[in-house]
Amino acid sequence: MGPLEFNRRHFLGGALAAAAVSTAPARSALTAGADQERLQLFWGDLHNHNAVGYAVGSLERSIEVAQEHLDFFAFTGHASWHDMPNMPGDRHLKWVRGFEAHSKHWEKTRRLIQDANSENFVALLGYEWHSSHFGDYCMIFPDDQPELYLPDHADKLLDFAEAQKAFAIPHHLGYKSGWRGANFDHFRASVTPVVEIFSEHGCCESDRAPFPMIRHSNGGRSTGNTVAPQLQQGRRFGFVASSDNHRGYPGAHGEGVLGVWARDLSQESLFDAIRSRRTYAATGDRIALEVALNEQPMGSETAAVADRQIDVRVDAQDSLQLVELIRNGKVIQRHFPEDHTEPGVQLPGKAKCRIHYGWGPWAALGLGRTCPWEMQIKITGGRFHHVSPCFQSGPYEEQMRDRLEVISDTEIRLRSFTSRIQCYGEDPTKALVLELEGAPDAVLTLTLKQPAQQVVQARLGDLAVENVVEFTGVFTSESLIINRLVSPGEYSAKIRWHDRRDPSQGADWYYVRATQHNGQMAWSSPIWVEGTT
């Protein structure tokens with residue numbers, strides 16, 4: 001396997017006004033054989049909501065938000081819950097009214113999704129089917145789907161998915177069966193090649209995984225319904241994450257996003273990649289992750305072989321804490337990047353820098369507000385290579401948008417908004433991650449027009465050792481941080497592990513888990529090595 005190269009797909013090939021800023025590295029070396037077409041990494045969200053259901057925000061807003069910072073998305077409005085219990089005070093009527101709104105809007109939904117597709121963006125049609133007994137499924141269609149099919153049994157739904165060549169992706173697996181947790185008795189790999197391992201509900205890797213499920217009334221995680229025990233039982237599926245955002249904000253940072261390795265940005269290629277399980281889950285930071293076993297990419301099923309070479313490439317958005325190789329549910333290898341690189345940032349050279357903004361008065365002061373941000377980010381004596389957005393969903397503002405505009409390789413402009421009101425996870429901040437290059441005397445300049453007219457400057461040489469914290473006014477005003485630079489040795493890793501197993505002991509499955517120091521994570525889809533009888 002050759003070196004795993006990460007070129008940037010549509011960044012700074014000239015000035016890109018109102019660029020849909022994606023972190024998609026353009027090429028992968030994971031396809032076996034030099035004659036095969038290389039894959040590209042695309043970012044998306046296959047599960048999100050708005051007022052076409054029982055959430056908030058227009059579908060038009062959801063589409064515009066997705067087009068700003070994702071490569072693709074599927075809108076999956078709340079559609080039905082045939083075995084929904086009656087709730088105290090008739091609270092279940094919220095769901096009933098949401099399903100009615102979704103049904104009445106279906107024809108318009110189909111039209112808006114079709115119209116949202118372009119050369120640089122893919123919009124997919126879908127809906128979410130709820131069930132206390134069978135669990136929830138996100139139905140994702142490869143084409144327009146006139147029929148809104150809402151049966152009362154999972155097998156009927158999966159039959160329909162097969163007939164339409166659609167996906168039925170289980171959601172929040174880890175809840176207890178009967179409480180909308182996944183019912184794996186009805187698992188069907190042909191229409192469920194991937195499962196949702198992470199969303200705003202939490203993480204379903206195992207009942208001991210980080211990000212516990214505490215935000216909803218469904219309770220905590222049930223051991224047997226999490227991913228690890230199901231893989232151990234021999235079921236085969238890949239991993240995705242999606243937000244399940246209810247504020248009309250697909251791809252909301254911290255709520256889940258998926259990476260897909262596909263031939264190109266088209267519905268056909270995305271469906272082929274998902275069906276082949278060339279997918280992985282990320283919590284928010286767009287950690288580029290490639291994994292191959294004997295030159296076969298994530299999601300593959302390989303022939304029985306004793307010697308296994310596992311190649312991993314990680315291009316993170318912050319300093320990497322560790323990269324782990326999991327075999328059959330147990331960690332068998334750990335890589336700590338800080339053990340393999342010299343401390344400090346070497347300038348002139350490349351680095352990553354996170355610009356973090358928000359904060360403001362806490363709720364107890366009764367000064368809640370939505371704060372507009374407008375800033376110009378320039379570098380003198382250096383250049384930008386890439387920019388990645390970290391835009392969370394809060395607050396909900398129908399008319400406001402986070403917009404990132406790439407002017408040149410030395411200038412970026414941002415319009416955004418933050419608030420402590422309705423912020424996700426009580427985090428009133430948003431961020432950008434800049435990949436830049438320069439000498440120690442290169443200067444990063446932030447010129448703010450809102451929330452205050454202000455200029456903040458920092459030399460790269462100084463940012464190599466200390467961050468810059470600035471306030472936009474008197475206490476309790478909003479603030480920003482230009483974080484310390486992160487060196488390539490801290491945010492990237494290229495690893496080769498070897499494992500030897502007797503195939504007569506049965507099939508094995510492997511996946512990789514990457515964790516940054518800031519808590520952001522990514523999980524690759526498994527690779528299976530067949531056993532012999």
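These questions and answers walk through a sheet, a surface patch and the nonpolar cores of a predicted model.

Visitor: In the open sheet of three strands, what is the order of the strands?
Guide: The pairing in this sheet is mixed, and strand 7 (202–203) and strand 8 (238–241) stand at the edges, each with a single partner strand, so one side of each is left without a neighbour in the sheet. The order is therefore 7-6-8.

Visitor: Which residue is the bridge partner of Phe198 in strand 7?
Guide: Strand 6, which covers residues 194–199, pairs with strand 7 in the antiparallel sense, and two bridges join them. For Phe198, the bridge partner in strand 7 is Cys203.

Visitor: Is Phe475 buried or exposed, and what is its relative accessible area?
Guide: Phe475 is found in the loop between strand 23 (468–471) and strand 24 (478–482), and together with Trp362, Leu365 and Leu367 it forms a nonpolar patch on the surface, with about 440 Å² of accessible area in total. Because exposed means over 50% relative accessible area, Phe475 counts as exposed, its value being 68%.

Visitor: Between which domains does the largest nonpolar core lie?
Guide: This core has 61 residues, of which Phe73, Tyr280, Val312 and Val314 touch the most other members. Its largest share, five residues, comes from helix 3 (residues 154–164). Since both domains give residues to the core, it lies between domain 1 (36–284) and domain 2 (287–341 + 489–532).

Visitor: How many residues are in the second core?
Guide: This core is separate from the largest one, and Val65, Val406, Leu432 and Leu444 are among its members. The number of residues in it is 37.

Conventions: Residues are numbered from 1 along each chain as its sequence is written. This is a predicted model: local features need pLDDT of at least 70, side-chain atom pairs count only at pLDDT 80 or more; totals for chains, interfaces and linings use all residues. Side-chain values use heavy atoms; hydrogens and water are left out. Two strands pair if DSSP finds at least two bridges between them. Helices (H or I, at least four residues) and strands (E, at least two) are DSSP runs, numbered from the N terminus. Patches are made of residues with over 30% relative accessible area and no salt bridge: like charges are joined within 9 Å, nonpolar side chains (Val, Leu, Ile, Met, Phe, Trp, Tyr) within 5 Å. Accessible areas come from the Shrake-Rupley method with a 1.4 Å probe; for residues, only the protein chains shown count as cover. A salt bridge is a side-chain nitrogen of Lys or Arg within 4 Å of a carboxyl oxygen of Asp or Glu. Buried means under 20% relative accessible area, exposed over 50%, partly exposed in between (1.4 Å probe, protein chains only). A nonpolar core is a set of buried Ala, Val, Leu, Ile, Met, Phe, Trp, Tyr and Cys residues joined through side-chain atoms within 4.5 Å. Domain bounds come from an automatic or database domain assignment.
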